[in-house]
Amino acid sequence: MTASWVPDADSGIRIREVAANGLTFEVAEAGEGDHLILCLHGFPELNYSWRHQMPLLAAKGYRVWAPNQRGYGASSRPGAVADYSADRMIADAAALFDASGATKLTLVAHDWGGAIAWMFAIKRARPVERLVVMNLPHPMCFAAALRKWPQRRRSWYMAFFQLPWLPERMLLARDAAGIRKAFRGMAVDKARFPDAALDVYARAAQRPGAMTAMLNWYRAAARHRDRMKLDNGGRVDVPTLVIWGEADSALGLETLDGTDRYVRDLTIRRLPGVSHWVQQEAPEAVNAILGEWLPDA
């Protein structure tokens, strides 16, 4: 395996391969113990997006695994669109927890990873101690927002991603300029995305078949909606923290409306002037919130 990135020597983060659910995952790992925090990234990210949080979580006594999810980086890349349906991603997360040998699980997730984490908790795929989701609304709230024009307008790209080959070509053109722009273009504090960081994401997306696999998450969501059906009326029964960068140009603040109807124990922390890439753009603020809300393992 050629790793997607090399952690700083003093970070305590190491890269390993983990076999789970019939696939091989490139996993960034930190810390020890039998309480696993599984960090789930979004599009078009990598486990690299958790580099600022992993040392903090390890210092609180958790073992932290941040996998490159299926299709990303050096993780396995199945070929069919159906292989990227939500039920497969939930099964991946459950299998990774099983492979870890840990006895307790907390989910920390962002963007698409947040969608998987919400559904994992709703479906009770495995017992979860706590749930943290960053800039991805509860599925029921997102569905309600999509019925209105403001969020439909923001989500236009999801329809574009349904096209064959053209999204891949546009995102990868000119040394993956579209991938680079997704981060720096949306960011408020663009200094948080130096060229070296953008290179990590661009190189990963340029791996053979990676861009198609990454886009297949969206294609599967449209073609296999039945696999995203929720149980329990969408109810989440574990303590849940939502961290939200208010300057998110992809997801409006109104997508948070009604979250408390589905989550019994809910905490929301909003960060003004921070974009969708909240844990990378405001790592100090995010880490302070995590440090306060998560108990020591």
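In the predicted model, strands β6 (residues 130-134) and β7 (residues 240-245) are paired in the parallel sense, with four bridges between them. Within this pairing, V132 is placed opposite L241 of β7. Both strands belong to an open sheet of eight strands, in which the order is β1-β2-β4-β3-β5-β6-β7-β8 and the pairing is mixed. The sheet is bounded by the edge strands β1 (14-20) and β8 (266-271), each of which pairs on one side only. From one strand to the next, the twist averages 25°.

Two helices that lie across strands of this sheet were examined. Helix α3, comprising residues 112-123, lies across β3 (35-40), β5 (104-110), β6 and β7. The direction of α3 is at about 145° to that of β5. Helix α11, formed by residues 283-293, lies across β6, β7 and β8 and runs at about 170° to β7. Strands β6 and β7 are thus crossed by α3 and also by α11.

The side chains of the model form 18 salt bridges. One of these connects E29 with R14, with a separation of 3.2 Å between the closest N and O atoms. This pair links distant parts of the chain, since E29 is located in strand β2 (residues 23-30) and R14 in strand β1, 15 residues apart. The two partners were also assessed for accessibility. E29 has a relative accessible area of 8% and is therefore classed as buried, whereas R14, at 36% relative accessibility, counts as partly exposed.

A further salt bridge is formed between the side chains of D92 and R70, at an N to O distance of 2.7 Å. Here too, distant parts of the chain are linked: D92 lies in helix α2 (residues 86-100), and R70 lies 22 residues away in the loop between β4 (63-67) and α2. Both D92 and R70 are buried.

R88 and D83 form another salt bridge, in which the closest N and O atoms are 3.1 Å apart. With a relative accessible area of 28%, R88 is partly exposed. D83 has a relative accessible area of 19%, and because the limit for a buried residue is under 20%, D83 is assigned to the buried class. In addition, D175, R180, D199 and R203 are joined into one network by salt bridges that share partners.

How values were computed: Residues numbered from 1 in each chain as written. Predicted model: local features only at pLDDT ≥ 70, side-chain atom pairs only at ≥ 80, totals over all residues. Heavy atoms only, no water. Pairing = 2+ DSSP bridges. Axes fitted to C-alpha atoms, helices over the stretch in contact; angles between N-to-C directions. Contact = heavy atoms within 4.5 Å. Salt bridge = Lys/Arg side-chain N within 4 Å of Asp/Glu carboxyl O. Buried < 20%, exposed > 50% of the residue type's maximum accessible area, 1.4 Å probe, protein only.
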